[in-house]
Amino acid sequence: MTINHFETELVCSFCGRQQSLVDRLIEGPGVYICNECVNISVNILKADQSPKQKKKSKVIEIDNLPTPKEVFDSLSEYVIGQEAAKRALSVAVYNHYKRILAEEEGLSKDSTELNKANVLIIGSTGTGKTYLAQTLARIMKVPFAIVDATTLTQAGYVGEDVENILVRLVQNADSDVDKAAKGIIYIDEIDKISRRGDNPSITRDVSGEGVQQSLLKIIEGTIANIPTKTMTGGRKHPGQETTQIDTKDILFIVGGAFEGLAEILKSRSTEAKIGFGAEIKKGEVDYNPYKDVRPEDLQKFGLIPELIGRLPVITSVETLDKDAMLKILTEPKNSLVKQFKKLFALDDVKLKFEKEALLQIVSQAFAFKTGARGLRSIMEKTLEPIMFEIPSREDITEVIITKSSVEGKTDPKIITDNYLLKNRRFA
């Protein structure tokens, strides 16, 4: 090939720019190429690379997969009680990611196909269903998304809105589709989209059953199309650019309160006189009435058989008593007491709670009948006045929360630095 010269100066054989106009000119056999043409060529090759050629990002390495016991122990650092649910989730998540890693590493010795085991958690509101799933995702270091099943009812019936669940998961994975495809999705209030009764007649909740039907494929595993650019959800429209995501390796955890299911269990167990049918001794309280739930019970409640079949792991959480709520308030790594103490410490103020104050917080939350959810609202209401004052005052060194301050009868006790108070300069 003939080399072009401009007044004896070398030029790029591709773009024709002179050597003095580029950062570097690379010489080849009879040709020259500048650094800018090299960069353009690299970008072209990357754009042409097929999806199969692209290296998929691994979420979890086989050597770093935590055992069920390790997962259980990690959950116990954040979640008080709920031993049965923590054990079931630990085994389920271990088996789920072990299956994925076995496929990726080619560890399967035969053609046996391992199906994923999605999880159903049953329990009253405020007992930690969502928090369990959220903590599980944090332990496994995978993307996590939460969705309320009731928001999908109308659009779910026509099968267009359920894919927004995946959009949220991809957003939480920083738009990394491969990473999102191995994440965890928690669907709350699944019981609210059940049809009324197990008889498929005109009395059923059509929109509720419709969203159940639309969830089937996405939970079991399918190739779904989601908006590529905005990732903001909404309805798809013709001509919109989409990205494909495979849901076969996404772990779905669904939860619900299932109010009324207890009566179904009681009627089933009447003949055998066990579980709900057994006589409960006077004074004895069963905080976990759903531990013996069977698929047929869920079908009678109103979940369609196809959806039940895609949720093979069924577990339940116990109703919280006052002792459990007190432990939740104080013991976990990120308990509310520890969180607020840290907030105050950021302003160089010590926060202390009298024992009677903590008991009063628990008593008020227990009366709300919303489980652990009521604890934070009471804490916020109690601490809000003093949190308003602290940033504007340099003299406060310690705040003590008393029972009467929780009740709203008096202000919290404030300890001040007398030296700062006396020598404080005012503008």
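## Exercises on a predicted model

Count the disulfides and you get zero. This is a predicted model, so let's work through what its atoms show, starting with those cysteines.

**Exercise 1. Work out what Cys15 and Cys37 are doing, and how accessible each one is.**

Step 1: take Cys15. Its nearest cysteine sulfur belongs to Cys37 and is 3.7 Å away. A disulfide needs the two sulfurs within 2.5 Å, and Cys15 is in no disulfide.

Step 2: move on to Cys37. Here the nearest cysteine sulfur is that of Cys34, at 3.5 Å, and Cys37 is in no disulfide either.

Step 3: check accessibility. Cys15 has 35% relative accessibility, so put it down as partly exposed. Cys37 comes out at 11%, so that one is buried.

**Exercise 2. Describe the surroundings of Asp191: where is it, and what does it touch?**

Step 1: find it in the fold. Asp191 belongs to the loop between β7 (184-188) and α8 (206-220).

Step 2: decide whether it is buried. The cut-off is under 20% relative accessible area; Asp191 has 6% relative accessibility, so it counts as buried.

Step 3: look for polar partners. The side chains of Asp191 and Lys192 share a polar contact of 3.1 Å. A polar side-chain atom of Asp191 also lies 3.0 Å from the backbone nitrogen of Phe258.

Step 4: list the contacts, skipping neighbours within four places in sequence. You should end up with Gly255, Gly256, Ala257, Phe258, Glu259 and Phe301.

**Exercise 3. Two names on that contact list are phenylalanines, Phe258 and Phe301. Classify their ring geometry.**

Step 1: count the aromatic pairs; there is one.

Step 2: get the geometry. The ring centres of Phe258 and Phe301 are 5.0 Å apart and the planes make an angle of 55°, so call the pair tilted.

Step 3: place the partners. Phe258 sits in the loop between β10 (251-256) and α9 (261-268), while Phe301 is in helix α10 (residues 295-301); they are 43 residues apart, so the pair links distant parts of the chain.

Step 4: check burial. Phe258 and Phe301 are both buried.

**Exercise 4. Pick salt bridges that link distant parts of the chain, and say what they connect.**

Step 1: note the total, which is 18 salt bridges.

Step 2: try Glu36 and Arg17, whose closest N and O atoms are 2.5 Å apart. Glu36 is in helix α1 (residues 35-48) and Arg17 is in the loop between β2 (9-10) and β3 (25-27), 19 residues apart. Glu36, at 31% relative accessible area, is partly exposed, and so is Arg17, at 29%.

Step 3: try Glu103 and Lys248, which meet in a salt bridge at 3.4 Å, N to O. Glu103 lies in helix α3 (residues 83-105) and Lys248 in the loop between β9 (242-246) and β10, so this pair ties together parts 145 residues apart in sequence.

Step 4: for comparison, look at Arg294 and Glu296, with closest N and O atoms 3.7 Å apart. Then follow shared partners: Arg99, Glu103, Lys248 and Asp249 form one network of salt bridges.

**Exercise 5. Which residues of helix α12 are buried, and what do they pack against?**

Step 1: α12 covers residues 322-330, and its buried residues are Ala324, Met325, Leu326 and Leu329.

Step 2: these buried residues pack against α13 (336-345), α14 (355-368) and α15 (373-389).

Step 3: check the start of α12, where a side-chain oxygen of Asp321 comes within 3.4 Å of the backbone nitrogen of Asp323.

Technical notes. Residues are numbered from 1 along each chain as its sequence is written. This is a predicted model: local features need pLDDT of at least 70, side-chain atom pairs count only at pLDDT 80 or more; totals for chains, interfaces and linings use all residues. Side-chain values use heavy atoms; hydrogens and water are left out. Buried means under 20% relative accessible area, exposed over 50%, partly exposed in between (1.4 Å probe, protein chains only). Helices (H or I, at least four residues) and strands (E, at least two) are DSSP runs, numbered from the N terminus. Contact means heavy atoms within 4.5 Å. A polar contact is a pair of N or O atoms within 3.5 Å; within protein, one must be able to donate a hydrogen and the other to accept it, and residues adjacent in sequence count only if both atoms are side-chain atoms. Rings of Phe, Tyr and Trp (its six-membered ring) pair if their centres lie within 6.5 Å; planes under 30 degrees apart count as stacked, over 60 as edge-to-face and the rest as tilted. A salt bridge is a side-chain nitrogen of Lys or Arg within 4 Å of a carboxyl oxygen of Asp or Glu.
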